[in-house]
Amino acid sequence: MFGVQQHNAPGHVLCCMCGMGISPNPAGMCVDCIRSQVDITEGIQKQCTVMYCKECQRYLQPPKHWIRADLESKELLTFCIKRIKGLNKVKLVDAGFIWTEPHSKRLKTKLTIQKEVLNGAILQQTFVTEFVVEWHMCDACSRAAANSDQWTACVQVRQKVEHKRTFLYLEQLILKHGMEANTIGIKSQPDGLDFYYGSRSHGLKMVDFLQNVAPVRARDDKQLISHDANNNSYNYQYTFMIEIVPICKEDIVCLPRKVSLSMGGVGPIMLTTRVGSSLQFTDPHTMRQLWVDASQYYRNPYRSVGTARMFIEYMVLDIEPVQGLPQNGKYLLADVQVARMSDFGVNDNIMCARTHLGHHLQAGDTALGFDLASLQIVDPELEKYRRGIQLPDVLLVKKSYQEKRRRKRAKGINRTWKLQRMNVTEDEAGAGHKSGAREADKAAMDEELFMQELEEDDEVRAQVQIFRDHLAPAGGAGAVGGGGGGGGGGDGNNHRGGNATYSRDGRDRDRDRDRDRGKDRDRERERERE
């Protein structure tokens, strides 16, 4: 009987250390005795020191890389685990933070590890590692605190035009991609911006970014600052000169005859319809388009013969698409009859022209364009075409929303969105100039025109980040999007390229409207049943 019971009962052995009955294992000891004999945390660092720059809130990852991480975040936990020596000999099972006072300058992590000990037995143990946070300024912050002008690389961006709308657009692209993060300072110049960096590699990164988003040409130079003959080390200051092509969107250019012949006889008067890493020119009368990059432009340079400051507002009297011609993207060729807004009530002058805005204009709309009949184009290249071409009287550029803006301003509807701006220092040489007030008004006008372009152009708006303005009046219903408008910019349903807050609010409104409609339908059904 006893033999049968022993045969059915599970086998037990005695621990060789304490004599307690345990299930058989390769070590022949209980868990407590194994822990007393073997410490798998031996050789693992229990206390570490990390460097923290309180100015830029970054941690030093040796040897010279600084990373940004929030308290108790996954990034900071990964950074702390990598700093512990000896973890490569064990298996990490779990890791987490133990709460400490934010001002205690201590970080504690609770780690659970496993390791094979004593004839294949696997032991699991939990221990705490403490990190002492020491404040240490990074090179960039120490250089900025000691002398803000002590820079290593300077990127000078220039464009020889009358306005700064190009730099307003570049500013939004720089902020969107975080290219301003490594700058020591940004200084405004009369015809551009200067970016100062503490490292040459940061300056080269900025140069590469600008070459990918704008048609530019770059050149660089370096100047010897100091030289140590003992260790044969040199200290240089590097300067990168970035020149942006002096042609902006909505400008008209006169192509040189040599360039026109190389492009198949297109032109000579071309409208700039898009500006990126290359320039897109469109012939409004034939719908032919061509792309010109910076290297092609600077081989045969030319300038704008008409800018947005020369726009004249026209009223569209009649428009008829040209039959037999295919559509080119968002453009459609059409014949149009227009009259200057300033001529209403004065004369009955009606001008006929051909435009690429067949999809955008209707009878009764207003459009902005160039009056080529009265515009004095002083360009030697145009004289070479005088015998073979005849310029049109009107060249329409885009649809105008001025009247819609006037109505919105009259109703008190203002913008409910804003743009993020960089911390730019004004040039000291021009700060105290007598024309400072005039320059401020000019800058405000350029900013307003850029805001209007964002409201009208979906392609440009898709490239920038737009944020809700919480200081805007509650009565303003102007969300960015839709073709129109000045204060408001449309009906608030189109938010491409904007902050996610706009689209989220739009979905919430649609959800609430659908819920209300569902409740109304339920009430109607209940009434029918009654």
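Which residues are linked with Arg158 in a network of salt bridges? They are Lys160, Asp191 and Asp194. This is a predicted model. A search of the whole structure finds 23 salt bridges, and the count of aromatic pairs comes to nine. The points below cover an open sheet, selected salt bridges, ring pairs and a surface patch.

**The five-strand sheet**

- Five strands make up an open sheet with mixed pairing. Their order is 10-11-9-13-12.
- Strand 10 (183-189) and strand 12 are the edge strands. Each of these two pairs on one side only.
- From one strand to the next, the twist averages 15°.
- Strand 12 covers residues 216-228 and strand 13 covers residues 233-244. They pair in the antiparallel sense, over twelve bridges.
- Leu224 has Tyr236 of strand 13 as its bridge partner.
- The hairpin of strand 12 and strand 13 has four residues between the strands. Asn232 in this hairpin takes a positive phi near 55°.
- Strand 9 (residues 153-158) also pairs with strand 13, here in the parallel sense. Six bridges join strand 9 and strand 13.
- Ala153 has its bridge partner in strand 13, namely Tyr238.
- In a regular strand, side chains alternate between the two faces of the sheet.

**Salt bridges around Arg421**

- Side chains of opposite charge can pair when their charged atoms come close.
- Arg421 and Glu171 meet through their side chains in a salt bridge, at 3.0 Å from N to O.
- This pair links distant parts of the chain, 250 residues apart. Arg421 sits in the loop between strand 24 (417-418) and helix 11 (428-431). Glu171 belongs to helix 5 (residues 165-177).
- Is Glu171 buried or exposed? Glu171 has a relative accessible area of 5%, so it counts as buried.
- Arg421 is partly exposed, because its relative accessibility is 42% and the partly exposed class runs between 20% and 50%.
- Arg421 also forms a salt bridge with Glu447. The closest N and O atoms of Glu447 and Arg421 are 3.3 Å apart.
- Glu447 lies in helix 12 (residues 436-456), 26 residues from Arg421 in the chain.
- Glu447 is partly exposed, at 31% relative accessibility.

**The Glu459 and Arg274 salt bridge**

- Glu459 and Arg274 form a salt bridge, with their closest N and O atoms 3.3 Å apart.
- Why does this pair tie together parts that are 185 residues apart in sequence? Glu459 is in helix 13 (residues 458-461), while Arg274 is in strand 15 (residues 269-275), so the salt bridge ties these parts together.
- Glu459 has a relative accessible area of 34% and is partly exposed.
- Arg274 is partly exposed too, with 36% relative accessibility.

**Aromatic pairs**

- A pair of aromatic rings is described by the distance of the centres and the angle of the planes.
- The count of aromatic pairs is nine. One of them joins Trp151 and Tyr196. The Trp151 and Tyr196 pair is tilted, with 5.6 Å from centre to centre and 50° between the planes.
- Trp151 is in the loop between helix 4 (139-146) and strand 9. Tyr196 is in strand 11 (residues 192-197). The pair links distant parts of the chain, 45 residues apart.
- Trp151 and Tyr196 are both buried.
- The rings of Tyr297 and Tyr298 have their planes at 80° and their centres 5.1 Å apart, so this pair is edge-to-face.
- Tyr297 is buried, at 2% relative accessibility. Tyr298 is buried as well, with a relative accessible area of 18%. The cut-off for buried is under 20%.
- Which residues do ring pairs link into a cluster? The cluster holds Phe281, Tyr297, Tyr298 and Tyr302.

**A nonpolar surface patch**

- Leu317, Met341, Phe344 and Ile350 form a nonpolar patch on the surface.
- Together, these four residues have about 350 Å² of accessible area.
- Where is Ile350 found? Ile350 is in the loop between strand 20 (334-340) and strand 21 (351-355).

Technical notes:
Residues are numbered from 1 along each chain as its sequence is written. This is a predicted model: local features need pLDDT of at least 70, side-chain atom pairs count only at pLDDT 80 or more; totals for chains, interfaces and linings use all residues. Side-chain values use heavy atoms; hydrogens and water are left out. Two strands pair if DSSP finds at least two bridges between them. Patches are made of residues with over 30% relative accessible area and no salt bridge: like charges are joined within 9 Å, nonpolar side chains (Val, Leu, Ile, Met, Phe, Trp, Tyr) within 5 Å. Accessible areas come from the Shrake-Rupley method with a 1.4 Å probe; for residues, only the protein chains shown count as cover. Buried means under 20% relative accessible area, exposed over 50%, partly exposed in between (1.4 Å probe, protein chains only). Axes are lines fitted to C-alpha atoms, for helices over the stretch in contact, and angles run from 0 to 180 degrees between N-to-C directions. Rings of Phe, Tyr and Trp (its six-membered ring) pair if their centres lie within 6.5 Å; planes under 30 degrees apart count as stacked, over 60 as edge-to-face and the rest as tilted.
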